[in-house]
Amino acid sequence: MEQLIRRPRVAAVAIVSALALGLVPVAGATSYIYWWQRNMPSNGVGYDRMTAHNHFYNELYFGPNAGWSSQVWEVTPAGYRHFDKRCTGNCFNAHPAYYYTYAYCSNRDGSTHFVYDCMDKW
Amino acid sequence: MKRRRVHFAALLILAAATAGLLSQLVFGGSDRVKIGDGSVSALARPSKAADTLPESVLAYPFAERNFASKSGQGSRLLRLEGTLRLYAVPGKEGMLCLIEVDDAAATAGGACADRHVLLTGSIFMADRQENGSQLVVGLVGDGHTYAEAEGRRAPVESNAFLLRGVVGSKVTVGSPTAVQTIDLGD
């Protein structure tokens, strides 16, 4: 093996292959906006429950005036909750794609607010 | 003459009511305890190499939509505890952002809010852990000295606090003379 790595051409192929494999999840990433420019009532919930995916990102964006509580989280089809994050204002949670989940977002303020979008990635 | 005085008095009352309404809307009401003036002195200190946000964070859509500059210019590393790093980042249109990055867990998160929030509380994130407790991190304005949950008090350092193992839904932040309550929700 050591002899193989010493050969420049083999080493170059190995590096390119490793880089390509490392970039596969990013290159193949899909985004989906599951709440789009609507008012969300107090404790209202937006969700992406079309198909469970191995999510690595979930975001809620009110806009630049946000100053109240929010939440993003994920739930497996079996009902187990993961990557549950409460925030003040606009919020995102990025994490390893450990589970096949549905994505959720919520306005946790006591009154209705306009939500620009909620977006998940897998 | 008397009529003009009545008009003037009515105008004064209207102006006072409008000012009161505006302060309620902007600052969250006079019944809420205020600490400091919303300044974050950690953002004013000279920058170091460690203050630069990781590229992975800048690549998320959140960064472009919330940070004042795409590169997260002006960010400051507030806390480093184990593998967890907390950053403050200037946001768009008067917002401030708190960003957390945990290299070991390969996680990152962020909260951006209007900086007026710092007058009456904190820009915080509460992450539910697998054991059901929460890891609570917060950005507070100058003047705040501690955060406390369930009798456990953590100091504010560089405008940030970190509380592990929070089971309840309330955290308090305060100064030597005032206390504010943060509702984490259920």
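Me: In this predicted model, which residue does B:Val171 stand opposite in β11(B)?

Reply: In this predicted model, β10(B) and strand β11 (residues 179-183) of chain B run antiparallel and are joined by five bridges. A hairpin of four residues connects β10(B) to β11(B). Within β11(B), the residue opposite B:Val171 is B:Ile182.

Me: Which residue of β10(B) is the bridge partner of B:Tyr146?

Reply: Strand β10 (residues 170-174) of chain B also runs antiparallel to strand β7 (residues 146-149) of chain B, and three bridges join them. In β10(B), B:Tyr146 has as its bridge partner B:Gly174.

Me: What is the order of the strands in the open sheet of seven strands?

Reply: The pairing in this open sheet is antiparallel, and the twist from one strand to the next averages 10°. Its edge strands, each pairing on one side only, are β2 (45-53) of chain A and β9 (160-166) of chain B. The full order is β2(A)-β7(A)-β4(A)-β5(A)-β5(B)-β6(B)-β9(B).

Me: Which residue in β9(B) is the bridge partner of B:Gln134?

Reply: Strand β6 (residues 134-139) of chain B pairs with β9(B) in the antiparallel sense, over five bridges. β9(B) is one of the edge strands of the open sheet. The bridge partner of B:Gln134 in β9(B) is B:Val166.

Me: Which element gives the largest share of the side of chain B that touches chain A?

Reply: The contact takes 24 residues from chain A and 27 residues from chain B. On the side of chain B that touches chain A, at least two residues each come from α3 (61-66), β4 (107-114) and β5 (123-128) of chain B. By type, the residues of this side divide into six charged, six polar and 15 nonpolar. The largest share, eight residues, is that of β4(B).

Me: Which residue of β4(B) stands opposite A:Phe92?

Reply: Strand β6 (residues 90-94) of chain A pairs with β4(B) in the antiparallel sense, over five bridges. Opposite A:Phe92 in β4(B) stands B:Gly110.

Me: Is A:Pro41 buried or exposed?

Reply: A:Pro41 belongs to the loop between β1 (31-40) and β2 of chain A. A:His82 lies 41 residues from A:Pro41 in sequence, and their C-alpha atoms are 23 Å apart. Because A:Pro41 has 11 C-beta neighbours inside 10 Å, and the limit for this class is 12 or fewer, A:Pro41 counts as exposed.

Me: What is the phi of A:Asn43?

Reply: A:Asn43 is also found in the loop between β1 and β2 of chain A. With 14 other C-beta atoms within 10 Å, A:Asn43 is partly exposed. Most residues other than glycine have a negative phi. A:Asn43 is not a glycine, yet its phi is positive, at about 60°.

Me: Where does B:Glu93, which has a positive phi, lie in chain B?

Reply: Although B:Glu93 is not a glycine, its phi is positive, at about 50°. B:Glu93 is exposed, since 11 other C-beta atoms lie within 10 Å. Its place in chain B is the loop between β2 (84-90) and β3 (95-102).

Me: How much of chain B do buried residues make up?

Reply: The secondary structure of chain B consists of four helices and eleven strands. Among contacts in chain B with a separation of 6 or more, 46% are between residues 24 or more positions apart. Of the 186 residues in chain B, the buried ones make up 35%.

Terms used:
Residues numbered from 1 in each chain as written. Chains lettered and ligands numbered in written order. Predicted model: local features only at pLDDT ≥ 70, side-chain atom pairs only at ≥ 80, totals over all residues. Pairing = 2+ DSSP bridges. Axes fitted to C-alpha atoms, helices over the stretch in contact; angles between N-to-C directions. Contact = placed C-beta atoms within 7 Å. Nonpolar A, V, L, I, M, F, W, Y, C, P; charged D, E, K, R; others polar. Buried ≥ 20, exposed ≤ 12 C-beta atoms within 10 Å, placed from the backbone.
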